[in-house]
Amino acid sequence: MERLSDWYDHPEYYEAIFGTDTEREMDFVLEVNRRYGTGGKLLLEPACGAGRLVAEAARRGCSVVGYDISEQMLAHARKRLTPAQRRRARLHLSRMETFFQPELEGQVDLAFNLVSTFRYLDSEKAAREHLEGTRRLLKPEGLYVLGFHLTDYERKRPEHERWVERLGKDTVVCNTHEGLPDRRLRRSAMRNRLRITGPEKDLLIETHWYFRTYDLTQARRLFRRAGLEVLAVYDFDYQVDTPRERGEIRLDSIFVLKPAA
Ligand SMILES: C[S@@+](CC[C@H](N)C(=O)[O-])C[C@H]1O[C@@H](n2cnc3c(N)ncnc32)[C@H](O)[C@@H]1O
């Protein structure tokens, strides 16, 4: 068995697992834009990875700007775009903490960041800089749709999720493990194992990192400090007709945020 250590160096396997919801996610984002936002067509995806959602937004006629810290992920994103999508999409190598483009200031209709990527920002300062920087790019009526898994600090067991998908003749098995949260350091240790097996393949990609932790109070306080108002909260099932009731607490949360007046 061959062993490797960073799943973002191998976007094809990452996307075999996480690419399966792309259309549903984009349906949700565009419907949220129509219901709560401007309905306009300039979108931004911070940490766009290998560009599955950038490509999907461009395919649906949006202009879309994506950026990511990983050159490998961006190379994959550039390769996948058709000529028509390429005319509508711009990709940049940049970080969530610092991304800024003067020509985008106050211009973006909707930014989206869906799959807990926000939790890579490892301090309150970094998270706040990202939110304030993104808010600065939004139109006054623009939205930031931010999805991430909240933390239950009382949890006594690690969390584990497993997915299996086919990629051509290969099978990709993905196991993600989140250790117990450290309330003081505001982080949990993460481990992902991608095992790829097939007629000519036996590969294990094991990735370790830390995710910052937020309970609902910590998340809401950060949004308020960054000048963002919460318009609605959804589950990861992307059912736009059923936002969460006030007071209802679930961990998988998609926040629809708007610049505070
Ligand atoms: C879980 S992937 C999500 C990719 C894409 N948004 C998607 O939904 O398929 C997380 C991405 O965040 C990027 N990333 C991690 N930390 C980052 C940072 N500080 N700034 C920009 N990108 C970052 C990684 O390179 C990776 O491509």
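This passage describes a mixed sheet, a buried strand, one cavity, one pocket and two loop residues in a predicted model.

The structure is a predicted model, in which local features need pLDDT of at least 70, side-chain atom pairs count only at pLDDT 80 or more, and totals for chains, interfaces and linings use all residues. Residues are numbered from 1 along each chain as its sequence is written, and side-chain values use heavy atoms, with hydrogens and water left out.

Five strands make up an open sheet. Their order is β1-β10-β9-β8-β7, and the pairing is mixed. Helices (H or I, at least four residues) and strands (E, at least two) are DSSP runs, numbered from the N terminus. Two strands pair if DSSP finds at least two bridges between them. The edges of the sheet are β1 (2-4) and β7 (159-167), each of which pairs on one side only. From one strand to the next, the twist averages 15°. Axes are lines fitted to C-alpha atoms, for helices over the stretch in contact, and angles run from 0 to 180 degrees between N-to-C directions.

Nine bridges join β7 to β8 (residues 170-178) in the antiparallel sense. Within this pair, Arg166 has Thr171 of β8 as its bridge partner. Helix α1 (residues 11-18) packs on the sheet. The helix touches β7, β8, β9 (187-198) and β10 (201-212), where contact means heavy atoms within 4.5 Å. The direction of α1 makes about 105° with that of β7.

A parallel pairing links β2 (residues 42-46) to β3 (residues 63-68) over five bridges. Pro46 stands opposite Tyr67 in β3. Strand β3 is largely enclosed by the rest of the structure, because five of its six residues are buried. Buried means under 20% relative accessible area, exposed over 50%, and partly exposed in between (1.4 Å probe, protein chains only).

Cavities and pockets were located on a 1 Å grid over the protein atoms alone. A cavity is a set of points where a 1.4 Å probe fits but cannot get out. A pocket is an open set with protein on both sides within 12 Å along at least five of seven lines. Lining residues have an atom within 4 Å of a point. Grid points are joined across faces, edges and corners, and a volume is the space filled by probe spheres set on the points.

The count comes to one cavity of 30 Å³ or more. The largest cavity has a volume of about 40 Å³. Its lining includes Leu44, Tyr67, Met96, Glu129 and His130. Helix α6 gives the largest share, five residues. By class, the lining has five nonpolar, four polar and two charged residues. Ala, Val, Leu, Ile, Met, Phe, Trp, Tyr, Cys and Pro count as nonpolar, Asp, Glu, Lys and Arg as charged, and the others, Gly among them, as polar.

The second largest pocket holds about 230 Å³ of space. Of its 15 lining residues, Arg220, Val233, Glu245, Arg246 and Gly247 lie nearest the centre. Two or more lining residues come from each of α7 (216-225) and β11 (228-234). Strand β11 supplies the largest share, four residues. The lining divides into seven nonpolar, two polar and six charged residues.

Two residues other than glycine have positive phi values. Ser116 has phi near 70° and lies in the loop between β5 (108-113) and α6 (124-137). Ser116 is buried, with a relative accessible area of 8%. For Tyr238, phi is near 60°. Tyr238 sits in the loop between β11 and β12 (252-259) and counts as buried at 9% relative accessibility.
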